Amino acid sequence: MVIKYSLKMIAAIVLMVLTTSLYGQSGVGKLAGKVVDEATKEPLIGANIVLVNTELGAASDVNGNYYVLNITPGTYTVQISYIGYGKKIFKDVRIVAGITYELNVELSSNYQLDQVVVTAKKLFEEKATNTVKVLDADQINKLPVKGVEKLVGMTAGVVMLEGSGGASGNAVVNVRGGRGGEVVYIVDGVPQNDIYNGANTAQVSNGAIDQISFQVGGYEAKYGQAQSGIVNVTTKSGTNKYTFFTDLMTSSFTDDYGYNLYSANFGGPFVPGNAHHTFFLSAERGYFLDGRPSARGVVIPSANINSKTLPGNDQDVWRFTGKTYHNFEALQVRLGANVNFRNYRTYVQSYAKSNSDHNPRIKDENYSYNARLSQSLSNSAAWNLNLGYTLFNRKRGDGVFFDNIDAYGDTIANKALTLQGSYVGQDANKLFFAHGSTYSSGFYERTRNSKLSADFDFTNQFGKHLVEFGAGVAYHTIRYYLMNPARAVAIDNAGPNSKSLLVRSALALPTMIGFDATGQTMTDSDVDQFISTDTYTMQAAPKHPLVGYGYIQDKYELNDLVINVGLRFDYFASKADVLKNESMPIYGGLDSTRLDKGDLKIKDPEVHFSPRIGVGFPVTTSTVFHAMYGRFIQEPSLQDIYTNYDALKGFETAGSQLQGVNTGNLSSEVTTQYEIGFRQLIANGSGMINLTAFYKNTVGLVNDDNIFWYTMPGSARGQSYGPENTDFGTVKGIALALSVNKISYFSFNLDYTYSLAEGTGSSTTSSQTAAFRNSSGETPKVIAPLDFDQRHTGVLNIDFTIPENENNSILRAISANLIFSFQSGRPYTPLLQQDITPGGASNLGETKGYVNSSYMPGSSRIDLRVEKRIFADNFTITPYVVVENLLNSENIVNVFRSTGSATTTGYLNTTEGAAKAASNPNYASDYMALEHTPINFGIPRLIKLGIKVNFTGSSM
């Protein structure tokens, strides 16, 4: 595996160097201010402003004003000089995407010595007209948190289920009552969300991150295809000095969960001392014995199993980041790559007794290559050209057979089978699966989606107006495959009547977009397949949706007022085949009794215009109000749009009831957001309080719904359910952030949110049961709390740091960072009875209350990181310990809906359950073991030891 991934990384770097590629929406920042004489306060005309070790700079005008545009987000050293005056050098100036950093300077002619000023981190971005949370590299390295989603999960307004994503994964976050998938993640200007399912599967090593900027809720017109927020990740760049960093972390000596994560960075100039051409490389390797540790282990008395770790739940990851910078004076070029490999399992409780090696395995590969060409035409104008390529590749299959689809139902490959093309069911107690069972009857899935993209943006400063316009386009290639190989593929694979794998796979009627019937070979066209003695063309060509956008925005900045006005244009062409008439699907085609091409059409492109308005104004020097309004568009996931002939064939039979059918007639979801708040400095400027009220309304949310149809006038009525734009949601709340920079050795941040999230559906499948059961009418819609309606959410972060220059030689350079998180419980719909027997009724029982009328218990936990820095010449060595869930709190993240308990359904106390237990002496023991699923609980106490080594050399 190491050799395989190493070869892939070499190929990735070669492709990065040979191509220029990046996708737009790359945020840049601005530095502005005024330079005056310290004594007279008169403006200094022609003062020189330089961002050290960059090509960026400016000169002050006749009024002493200056501005520097098109700055890549990060932390800089700014030098300001004027002939006859002493220089001032400002360190740790943090530039944030889309926000102006105001730096006003007074220079003195009384002395010529340079003054070095270390700027304090801003408690808030005073020029922001919306809510922005920023974390830089220094802050990230102190936190006991790994992963971009988990870092942004510390922000007010964000709800994240404990344990989500596991040790290696991408946690699902709900921002201000939005569904999962409504946040766009951008790494160095490249959106990472997959257009087919909307998810982000990419990750970046903590050590490679220079800055995370999280726009919560609303955002400016240059960003799109998100309804709840934008996460901008900027990775580190090389400098004129060579640097090396390594971070080794393990829990192999401290707990049972086998957490191991090793990372290394290396950067510097290509030519010693030359900052015009630099590089930065990062690599991270993680492997985890238990990829999703739980506070409750697995206990199955009938199999003598008592394990703290989840069986068959190993995971491993590789993460690579690379970036080069080239300053050709007139033109600047940035090339980069972010490449991820993740190999992990899905834990299945009903497999834990005898079959955990068959837990489904998923292998994800993410490739993201980027390049950006930039030019400053003058102090007041700049442009950027961005080109890009991304690729997401996934395989998902049985943990043993994986992509050997011929083996799933084969008696030779699977010794547990007694009949070719059959399944392995439960053991004698009928609760846990016997060894050899393939998950969900053996589904095999493949995804391979790529994107080519380009965009251009131009920025010009006209007096107090910063005007920006841009446009971009993305051309996607979608390939998807889903098939159940256990039955059809294994039948007739040998003997005199044997058929080829291609024919046997075609008989299984797989869903295939861009793959042939086996799912092993890509195809670029529809293909002929043999079914028995007939030949017909199956849909197999890949899909090529086209996404385009354009925007114009004006940021008008005065000393006491900021107005940010923008208009965005979005174009979305899925190029999907959709039914012309859902109420009479086959009647209007070439053959009124059969589904044919005449019954389908290419879905019309969507065009949307979205206004965005933000206002910020200071009431006093320490109080700033802001307000924001915006309309935000997000196209539905393509997995809810694309369909094929085979999926629609059921419409040929009058009166049929069809389940889970895409008709393709979906539109984009639309969110309108409002926000108003104020930021107030306290404690003589060393603290800040930020209070924000927000409201959002979303219409056209996708959920399963019924449609009724006829094969022809007067025929029996048929019914089907599938994705439709049927839902809406409303969210309102208040977010409070309180920060204090420094009290003695302490600083702290408190983020708290109170919100109400209500709507008619929490996900694209939340109405599935109602639609399935309601055969006589429309799917009932009830306004109720959403599944992620977590009323109270809070995070308190306390940092204790003794400076490096402290006189006490033992305690100097020690730091401790503590996170206390707390949240109220989430809602659920109570049931009268619940049977969790695999294949049983499960959640289809009768309810005993309104939708989401009951709430789970709340939870809280403490995470701690303690480290000590040791200095030796150019080296800094930092041993540390991280303890997650310090108090070993047993937090409940899911309950059984019949009891509200995380450990019992109460089924054994019912007449039906008691009868089953009486007829089988081992039934009750196994049922209770099945009920005690670890997934209902959060993480246990995890103790990780680590050491960091940081080397900063000379420029040679």
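The following exchange goes through the fold, cores, sheets and ring pairs of a predicted model.

Modeller: In this predicted model, local features need pLDDT of at least 70 and side-chain atom pairs count only at pLDDT 80 or more, while totals for chains, interfaces and linings use all residues. Residues are numbered from 1 along each chain as its sequence is written, and side-chain values use heavy atoms, with hydrogens and water left out.

Biologist: How many helices and strands are there in the protein?
Modeller: Helices (H or I, at least four residues) and strands (E, at least two) are DSSP runs, numbered from the N terminus. On that basis the protein has eight helices and 51 strands.

Biologist: What is the radius of gyration of the protein?
Modeller: The radius is taken over C-alpha atoms, and the globule rule is 2.2 Å times the number of residues to the power 0.38. For 956 residues the rule gives 30 Å, and the protein comes close to it, so it is as compact as a globular protein of that length. The C-alpha atoms fill a box of roughly 95 × 65 × 55 Å along the principal axes. The radius of gyration is 30 Å.

Biologist: What percentage of the residues is buried?
Modeller: Buried means under 20% relative accessible area, exposed over 50%, and partly exposed in between (1.4 Å probe, protein chains only). Of the 956 residues in the protein, the buried ones make up 56%.

Biologist: Which element gives the largest share of the largest nonpolar core?
Modeller: A nonpolar core is a set of buried Ala, Val, Leu, Ile, Met, Phe, Trp, Tyr and Cys residues joined through side-chain atoms within 4.5 Å. The largest one has 25 residues, and Ile212, Val231 and Val233 have the most contacts inside it. Helix H3 (148–152) and strands S12 (173–175), S13 (183–187), S15 and S16 (229–235) each give two or more residues to this core. The largest share, four residues, comes from S15.

Biologist: Which residues does Val231 touch, leaving out those up to four places away in sequence?
Modeller: Contact means heavy atoms within 4.5 Å. The partners are Val148, Val152, Val183, Val184, Tyr185, Ile186, Ile212, Ser213 and Phe214.

Biologist: Which are the edge strands of the open sheet that has the order S10-S15-S16-S13-S14?
Modeller: Two strands pair if DSSP finds at least two bridges between them. This sheet has five strands with mixed pairing. S10 and S15 (residues 209–216) are antiparallel over six bridges, with Thr131 opposite Val216. Each edge strand pairs on one side only, and the two are S10 (131–136) and S14 (190–191).

Biologist: Which residue in the hairpin of S5 and S6 takes a positive phi?
Modeller: Strands S5 (residues 74–81) and S6 run antiparallel and are joined by six bridges, and Gln79 has Ile89 as its bridge partner in S6. Strand S6 (residues 88–95) is mostly covered, with six of its eight residues buried. Six residues lie between the strands of the hairpin, and the one with a positive phi near 90 degrees is Gly84.

Biologist: Why does the pair of Phe569 and Phe609 count as tilted?
Modeller: Rings of Phe, Tyr and Trp (its six-membered ring) pair if their centres lie within 6.5 Å; planes under 30 degrees apart count as stacked, over 60 as edge-to-face and the rest as tilted. By this rule there are 32 aromatic pairs. Phe569 in strand S33 (residues 561–573) and Phe609 in strand S36 (residues 606–620) are 40 residues apart in the chain. Their ring centres are 5.4 Å apart, and the pair is tilted because the planes stand at 45 degrees.

Biologist: How far apart are the ring centres of Tyr674 and Tyr695?
Modeller: Tyr674 is in strand S39 (residues 669–682) and Tyr695 in strand S40 (residues 687–709), 21 residues apart. Tyr674 is partly exposed at a relative accessible area of 41%, and Tyr695 is partly exposed at 35%. The planes of the two rings are at 40 degrees, so the pair is tilted, and the centres are apart by 6.3 Å.

Biologist: Which residue lies over the face of Tyr344?
Modeller: A charge sits over a ring if NZ of Lys or CZ of Arg is within 6 Å of the ring centre and within 35 degrees of the ring normal. Arg717 lies over the face of Phe708, at 4.0 Å from the ring centre. Over Tyr344, at 3.6 Å from the ring centre, lies Arg342.
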